Amino acid sequence: MVNPVYITRISTCLPHDPVSNEQMEARLGQVGDRPSRARSIVLRRNGIRQRHYVIDPLTGKPSMTNAQLSAEAIRGLVGPAELQDIQCLVAATSSPDQTLPGHAVMVHGELGNPPCEVVTTAGICLCGVSALKYAWLNVASGESRNAVACGSEVASALMHARNFTAEIDSAAEDLERSPELAFEKDFLRWMLSDGAGAVWLEDRPNPNGLSLRIDWIDILSFADQFPACMYAGAHMEGEQLVGWSCMSAQERNRRSVMAIKQNVKLLNENIVEVTVEQALQRIRRRRDIRAEDIDWFLPHYSSEFFRDRLAEGLARIGFAIPLQRWFTNLTRKGNTGAASFFIMLDELFHSGQLRAGQRLLGYVPESGRFSSAFLHMTVVQGVSDEA
């Protein structure tokens, strides 16, 4: 039997003051001997106006590790006494501070709370939802009374100028003709940013105020159909991904192996059809959901370039949701990968716009090897609503 589970608290940590488009290159560092000519083109296409970095504006050095960033978001959920009562901690990121140990145990170490079940989920954007699903099922099964799920990114560690070469500028003309080229390896530094978000799940709703009951979370991988599309710590030979451990240190440096890379053509041709149309049609048959029943649609997408294409994909399968029912903060908070859904949800949850009985549908894709998640929640007001 699956018991009801509720998100009763949500918290985020966005380091330092927002960084404007004009400040980005100074904060991330200039590649080569002149400013990037591609930056303004990429930013015009992706629509992001500000974002956050752990890079200290005064010293130019990171002021927090990923684990510290995650821990700070989690501390925002509860007081010191409740922190001692965490029964299950699940933390996700695509940019851990180290390959070993796992990210979540490092977060646990930063928090210093007593021993509890601790789990790391890895991947790209979708690993945040994987963390949420593990935490939800843990409470739903009765294994734990409460759980914390956290997603975080410190993309600036990978996006800093020291990881890139001056080849960026040579692609500026191509970017003007084909905006999807903004996702090529070097240009992702103008798209990704830092942040963490966390949720507190428990087996009963808030006695006063709002909670979000998790109704279901469905995650689908289409890796049986596609090679890797977005990756780091590897390079492609044909359609085969060759990992960093198979290379010498010299080869890793020569290939900029630790930089994040994107097969833009593969992304552009498949991201909407696969992660929206194919995924949602499968899920709709299982969950019997209708677009007209959704009060709030929370889509994660990496760029405003995909907003209209996402709307068109939904319409093609008869699941059009009016844009006035969409909620996203990409332009204000940036693309924070595994943390993005938590950061979106936090802003909506505290916005005063939610009402008891409203239904939320979240959508989080990742292009790593084409995976997609849809999740459904219902707004609950106080214990009496569930009596």
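Colleague: Leaving aside the neighbours within four places in sequence, which residues is Ser 193 in contact with?

Modeller: This is a predicted model, in which local features need pLDDT of at least 70 and side-chain atom pairs count only at pLDDT 80 or more, while totals for chains, interfaces and linings use all residues. Residues are numbered from 1 along each chain as its sequence is written, and side-chain values use heavy atoms, with hydrogens and water left out. Taking contact as heavy atoms within 4.5 Å, and setting aside neighbours within four places in sequence, Ser 193 is in contact with Arg 51, His 52, Tyr 53, Glu 153, Ala 155, Lys 333, Gly 334, Asn 335 and Thr 336.

Colleague: Does Ser 193 count as buried or exposed?

Modeller: Ser 193 sits in the loop between helix 8 (172-177) and strand 7 (194-202), where helices (H or I, at least four residues) and strands (E, at least two) are DSSP runs numbered from the N terminus. Buried means under 20% relative accessible area, exposed means over 50%, and partly exposed lies in between, with a 1.4 Å probe and protein chains only. Because its relative accessibility is 1%, Ser 193 counts as buried.

Colleague: On which residue is the kink in helix 10 centred?

Modeller: Helix 10 (residues 264-287) has 24 residues and reaches 32 Å from its first C-alpha to its last, close to the 34 Å expected at 1.5 Å a residue, that expected span being 1.5 Å times one less than the number of residues. The bend at a residue is the angle between axes fitted to the seven residues ending there and the seven starting there. In helix 10 there is a kink of about 50°, and its centre is Asn 270.

Colleague: What phi does Asp 288 take, just after helix 10?

Modeller: Asp 288 belongs to the loop between helix 10 and strand 13 (296-299), and because its relative accessibility is 67%, the residue counts as exposed. Most residues other than glycine have a negative phi. Asp 288, which is not a glycine, has a positive phi near 55°.

Colleague: Where is Phe 370, and does this residue count as buried or exposed?

Modeller: Phe 370 also has a positive phi, about 65°, although it is not a glycine. The residue lies in the loop between strand 14 (359-366) and strand 15 (371-381). Because its relative accessibility is 0%, Phe 370 counts as buried.

Colleague: Which helix gives the most residues to the largest nonpolar core?

Modeller: A nonpolar core is a set of buried Ala, Val, Leu, Ile, Met, Phe, Trp, Tyr and Cys residues joined through side-chain atoms within 4.5 Å. The largest has 58 residues, and those with the most contacts inside it are Ile 7, Leu 132, Leu 201, Leu 212 and Leu 360. With eight residues, the element that gives the most to this core is helix 6 (residues 127-140).

Colleague: What is the angle between the planes of Phe 305 and Phe 306?

Modeller: Six aromatic pairs are found in the whole structure, where rings of Phe, Tyr and Trp (its six-membered ring) pair if their centres lie within 6.5 Å, and planes under 30 degrees apart count as stacked, over 60 as edge-to-face and the rest as tilted. Phe 305 is partly exposed because its relative accessible area is 23%, whereas Phe 306, with 6%, is buried. Their pair is edge-to-face, with the centres 5.1 Å apart and the planes at 65°.
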